[in-house]
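This briefing covers the fold, the surface and the charged pairs of the structure shown below. The points are grouped by topic.

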Amino acid sequence: MTRARLIERALLLAATVSGLSTVSIFVFMVILGLPILTAGHFSELLTGPWSPDHGVYGIRSMIVGSLTISFLSLLFAFPLSLGTSVLIAVLAPRGVALAMKRLVRFMTAIPTVVYGFVGIFLLVPIIRELFVHGSGMSILTAALLLAILISPTMILIFVDSFERVPRSYLTAVAALGGSRIDKLIHVILPCSWPGIVTGLVLALGRAMGDTMISLMVAGNSVGLPQSILDSSRTLTGHIGLIISADFDSLEFKALFACGLLLYLMTSIMVVIIRSLHFRAGVRGW
Amino acid sequence: MVMKRVKESIIVVLSWLCSLLLAGSVATIIGYLLFKGLATINLALIFGDTAPLEAIFLGRQVFNGLLPAMVGTLALVLLALIFAIPLGVAAGIYMAEYGKGRLKGWFSLFFDILASIPSIVVGLFGFSVAVFLHHNLSERIYPCLLIAALSLAFLVLPYIIRTTQVALESIPVTIRQTAPALGATKLQNISHVLLPHALSAMMSGIVLAMGRCAEDTAVIMLTGVVASAGMPRSIFAGFEALPFYIYYISAQYSDSRELASGYGAAIILLIICIMLFGLAFYIKARFELTFTARSGDKRRISQRIMKAPDRRKKSLKVNFQTEQSGQGTLL
């Protein structure tokens, strides 16, 4: 075999090893979580409460916690991000737009644990005194912090897709006597819907996959939350809280069910984004 | 008409309000952190009661200081990159230069999924692999620096693959085809023209990956980080790390001194991440500059061919000359 072929083989091997790691994480989760996925535990796992003392290892409240926190944070972050990206891409004078863009990029560099740390000592007391309900560690607190964490993801993608709208379209609107708001509503937003959906899905994935913020400020109680002011535990937080060293216990196996669920949810999001790009012909993000 | 005016003004005002709200919250978070923690930033925060020079050069143990956590983070980042860079760059080169058709599509899907897996799941994977090996291979294996670094390597692997791939694929065709036109083989083209050209973009991606390794907490908290281990002594032992220290303090602080050190640690981690981030952008800005400076390209490529090792230069030079005499000046 020639040297060139050998090197090509080596490169292929590297790609294969990297690709297989994706598969092996999945296989590991399935194999290790198998005892709790089969043997009649399955429906109990998805719908039951978490009470290891009674031998019930349901992760329903973690699923509810993850979904509420991430969707609530998306609810806060989406208008905020849309407004900010409209300002950056359409409305603001050059200097302001550039400064805002720099700020958003800077935000992506802030470590999650720093957000969590400030959240505990700044936001939690505020929420506690504002609503006089529990410790202040709640779904709302986590969702507010997460909204700040996921906003840059959305804004950068939104701005990018706004700027991809062909200039000729905008000139056409101007020629018809349309204002910049007309451009925004009738051309820019309709043209960049694939980018907007991509940003939303990616941000949802980030919110759902984040561990530290919900672990630090959501309170981690295992009960089913009744309101957004209740404390709650997410799937990621549940995995992060493992203290049991008993690898073979069902309590531990339930973590793999959580991991598997997170894995499947984020994979579905990836497939959605990829098919969207494939269909709309949007290039990379 | 008036209604339309009002509607337009409302949109403008809302848009400005959103931006102000976002900028305000970030300013509040950073401002609060600096307000509370800036006073604690001094040598004692890092070195505790030990003299700095003795801690660095004589290896004296540091108590009540952040040095072990900082060194632990540094060791973790370097070790993770040692694993991730060769694999990621090789896979990225394959994706950009060799991968074709369906296989490339599958790889691409897998890398996207790998990039999307929550870090805590990667941590759980690393943890269970460690426990699995502990039971089946050797009693001495348990979550440690090596396991944490390997898990982190998987976390940043897709980033390195993607940046390498994109850096190579975005090289203009004029540069991509110059060396093959002069008779260079595909491999020579990759190693002497394409890779050097893509290097700064790749570096920028790697520096961003460093930042991710430095700030990640979820992976390491399952794979071997501990609250107090002292300086990292072996890759098979537990270690301290800055982000975990911040998390630990926020949950377990016992007095105001410890809490203050938590603020200090948060500021130091923030500075490290911002510096890495700034570095990545600086490298990238320079890279975009070289791309627009087209006129320099020809000279750079010929220089790169001339810099090749002798045995290769010979063949390149021969080809170079035959091309020149045969078809006029290509370069």
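In chain B of this predicted model, 71% of the contacts between residues at least 6 apart in sequence join residues at least 24 apart. For chain A, residues 24 or more positions apart account for 70% of the contacts with a separation of 6 or more.

**Chain B overall**
- The secondary structure of chain B consists of 15 helices and 0 strands.
- Chain B has 331 residues, and 50% of them are buried.
- About 16000 Å² of chain B is exposed, with 66% of that area supplied by carbon and sulfur atoms.

**Chain A overall**
- Chain A contains 12 helices and 2 strands.
- The order of elements along the sequence of chain A is α-α-β-β-α-α-α-α-α-α-α-α-α-α.
- The C-alpha trace of chain A spans about 75 × 70 × 30 Å along its principal axes.
- Of the 285 residues in chain A, 52% are buried.
- Chain A exposes about 12400 Å², and carbon and sulfur atoms supply 67% of this area.

**Helix H4 of chain B**
- Helix H4 of chain B covers residues 67-98, which is 32 residues.
- From first to last C-alpha, H4(B) reaches 45 Å, close to the 46 Å expected at 1.5 Å a residue.
- At B:Ala84, H4(B) bends by about 30°.
- A proline, B:Pro86, follows the bend at B:Ala84 within four residues.

**Nonpolar patch on chain B**
- B:Val2, B:Val6, B:Ile10, B:Val13, B:Leu14, B:Leu17 and B:Leu20 form a nonpolar patch on the surface.
- Together, the residues of this patch have about 660 Å² of accessible area.
- One of the patch residues, B:Ile10, is found in helix H1 of chain B, which runs over residues 2-37.
- B:Ile10 has a relative accessible area of 45% and is therefore partly exposed, since the partly exposed class lies between 20% and 50%.

**Salt bridges**
- Over all chains, the count comes to 8 salt bridges.
- Side chains of opposite charge can pair when their charged atoms come close.
- Within chain A, the side chains of A:Asp160 and A:Arg164 meet in a salt bridge, with an N to O distance of 2.9 Å.
- A:Asp160 is partly exposed at 30% relative accessibility, and A:Arg164 is partly exposed at 43%.

**A salt-bridge network across the two chains**
- Which residues are linked with B:Lys4 in a network of salt bridges? The network links B:Lys4 with A:Asp182 and B:Glu8.
- The closest N and O atoms of A:Asp182 and B:Lys4 are 2.9 Å apart in their salt bridge.
- This pair joins two chains, because A:Asp182 lies in helix H8 (residues 180-191) of chain A and B:Lys4 in helix H1 of chain B.
- B:Lys4 also forms a salt bridge with B:Glu8, where the closest N and O atoms are 3.9 Å apart.
- B:Glu8 and B:Lys4 both lie in helix H1 of chain B, 4 residues apart, which is about one turn of the helix.
- An α-helix has 3.6 residues a turn, so residues three or four places apart point the same way.
- Is A:Asp182 buried or exposed? A:Asp182 counts as buried, at 13% relative accessibility.
- B:Glu8 is also buried, with a relative accessible area of 17%, whereas B:Lys4 counts as partly exposed at 35%.

Conventions:
Residues numbered from 1 in each chain as written. Chains lettered and ligands numbered in written order. Predicted model: local features only at pLDDT ≥ 70, side-chain atom pairs only at ≥ 80, totals over all residues. Heavy atoms only, no water. Expected span 1.5 Å × (residues − 1). Bend = angle between axes of the 7 residues up to and from the residue. Patch = residues over 30% accessible without salt bridge, like charges linked within 9 Å, V, L, I, M, F, W, Y side chains within 5 Å. Areas by Shrake-Rupley, 256 points an atom, 1.4 Å probe, with all protein chains shown as cover. Salt bridge = Lys/Arg side-chain N within 4 Å of Asp/Glu carboxyl O. Buried < 20%, exposed > 50% of the residue type's maximum accessible area, 1.4 Å probe, protein only. Contact = heavy atoms within 4.5 Å.
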